[in-house]
Amino acid sequence: MAELKRSEIKAIENAMAFPRGFGYVLDFSDRTFDEYFQDEFGVEIHAEQFNTLGSSKRNRLLSYLHQADNSSALRVLRSLWDLREGLLSEHEGALCLENAVKDGEPLLKVIERLQGEPDSVSTDGIRKFAPDRTLEELVADIERSLAANKPEVAIDHLHTYCMKRFAHLLRIRGIECGDDEPLHSRFGKYRKQLMSERQLHEFTDRALKSSISILESFNDLRNNHSLAHDNKILETFEARFIFSTINAMLVMVRTLEAGRYES
């Protein structure tokens, strides 16, 4: 759960009041606000759980931020900040602009604080890519571990997620993947197929190639430094770095797949 001070909540409210006034969220209508949360974050912001403070857009936003972990809250606030900056540029020259800029400065400090929080590890690359109860529980457990600032506990399940992810990407292409096939081999097959399907820049290919050796090392981490077995687990700071590295790779894969085999 994101721990926001009352002064930080006020900073969010004041920043979001531009340009329509206090109680609004930027220039969103109810419809576009719902669509924004669904499309950008996969969140049904109109759900009952986010009406705890009231049904207005402002109240639903605050309710979400109170319930979200630091990483999720940070993603939303960064996105809203970017949208606000765009609106400010459209209103350049307006008499109210100077005050609006000042009203936004405290929000930037809230974002900077959350960025420094230990549990602000991004999970942008981790998503439910198929109707599968095991997958749903896996993703939920990873998110719970990160929300508790325990990325070292999530390492084992992150590896399992990757195994399922690349098996899925191979199978939807009609490529066989054995249950005992290691993670780096699955990724190697995926990279080879991907390069045959489309023209990618040399840098992207090199990045994909380097991921094979990273994932081979990740196999060792899972077997010898995670809760998969009776191991001495990683320090939190190192697990956070490893999690972020694997997540960045998953984000790249998600981007490569968008609009092709997946939505």
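Me: Which helices each supply at least two residues of the lining of the largest pocket?
Reply: Keep in mind that this is a predicted model. The pocket has a volume of about 1100 Å³, and 34 residues line it. The helices that each put in at least two of them are α2 (30-41), α3 (57-67), α4 (70-90), α6 and α10.

Me: Of those, which gives the largest share of the lining?
Reply: Near the pocket's centre you'll want to look at F41, G42, V43, R75 and E143, the lining residues that lie nearest to it. As for the largest share, that is 6 residues, and they come from α6.

Me: By class, how many residues of that lining are charged?
Reply: The lining is a mix, with 15 nonpolar residues and 8 polar ones. The charged class makes up the rest of the breakdown, at 11 residues.

Me: What about cavities: which elements give two or more residues to the lining of the largest one?
Reply: Searching the whole structure for cavities of 30 Å³ or more turns up 1, and the largest cavity has a volume of about 30 Å³. Its lining is I12, E13, M16, Y24, V25, R58, L61 and L62. The elements with two or more residues there are α1 (6-16) and α3.

Me: And how does that cavity lining divide by class?
Reply: There are no polar residues in the lining of the largest cavity. What you get is 6 nonpolar and 2 charged.

Me: Zooming out, how many helices and strands does the chain have?
Reply: Reading from the N terminus, the elements run α-α-α-α-α-α-α-α-α-α. The C-alpha atoms fill a box of roughly 65 × 45 × 35 Å along the principal axes. So much for the outline; the tally is 10 helices and 0 strands.

Me: Which helix gives the most to the largest nonpolar core?
Reply: That core has 37 residues, and Y161, F166, Y190, F218 and L250 have the most contacts inside it. Two or more residues each come from α6 (133-147), α7, α8, α9 and α10. With 10 residues, the top contributor is α7.

Me: Which residues does L250 touch, leaving out those up to four places away in sequence?
Reply: L250 is one of the core residues with the most contacts inside that core. Skipping its sequence neighbours up to four places away, L250 touches G125, I126, L158, Y161, C162, R165 and F166.

Me: How far does helix α8 reach from its first C-alpha to its last?
Reply: Helix α8 covers residues 183-197, which is 15 residues. At 1.5 Å a residue you'd expect 21 Å, and the helix comes close to that. Its reach is 21 Å.

Me: What covers the buried residues of α8?
Reply: The buried ones are L183, H184, R186, F187, G188, Y190, R191 and L194. Their cover includes α7 (151-171), α9 (202-224) and α10 (236-257).

Me: Is R186 buried or exposed?
Reply: R186 sits in helix α8. Among its contacts, sequence neighbours up to four places away left out, are M163, F166, A167, L170 and D179. Its relative accessibility is 5%, and because buried means under 20%, R186 counts as buried.

Me: What separates the C-alpha atoms of R186 and L169?
Reply: Along the chain, R186 and L169 are 17 residues apart. In space, their C-alpha atoms are separated by 9.3 Å.

Me: How much of the chain counts as buried?
Reply: The chain has 263 residues. Of these, the buried share is 43%.

Methods. Residues are numbered from 1 along each chain as its sequence is written. This is a predicted model: local features need pLDDT of at least 70, side-chain atom pairs count only at pLDDT 80 or more; totals for chains, interfaces and linings use all residues. Side-chain values use heavy atoms; hydrogens and water are left out. Helices (H or I, at least four residues) and strands (E, at least two) are DSSP runs, numbered from the N terminus. The expected span of a helix is 1.5 Å times one less than its number of residues. Buried means under 20% relative accessible area, exposed over 50%, partly exposed in between (1.4 Å probe, protein chains only). Contact means heavy atoms within 4.5 Å. A nonpolar core is a set of buried Ala, Val, Leu, Ile, Met, Phe, Trp, Tyr and Cys residues joined through side-chain atoms within 4.5 Å. On a 1 Å grid over the protein atoms alone, a cavity is a set of points where a 1.4 Å probe fits but cannot get out, and a pocket is an open set with protein on both sides within 12 Å along at least five of seven lines; lining residues have an atom within 4 Å of a point. Grid points are joined across faces, edges and corners, and a volume is the space filled by probe spheres set on the points. Ala, Val, Leu, Ile, Met, Phe, Trp, Tyr, Cys and Pro count as nonpolar, Asp, Glu, Lys and Arg as charged, and the others, Gly among them, as polar.
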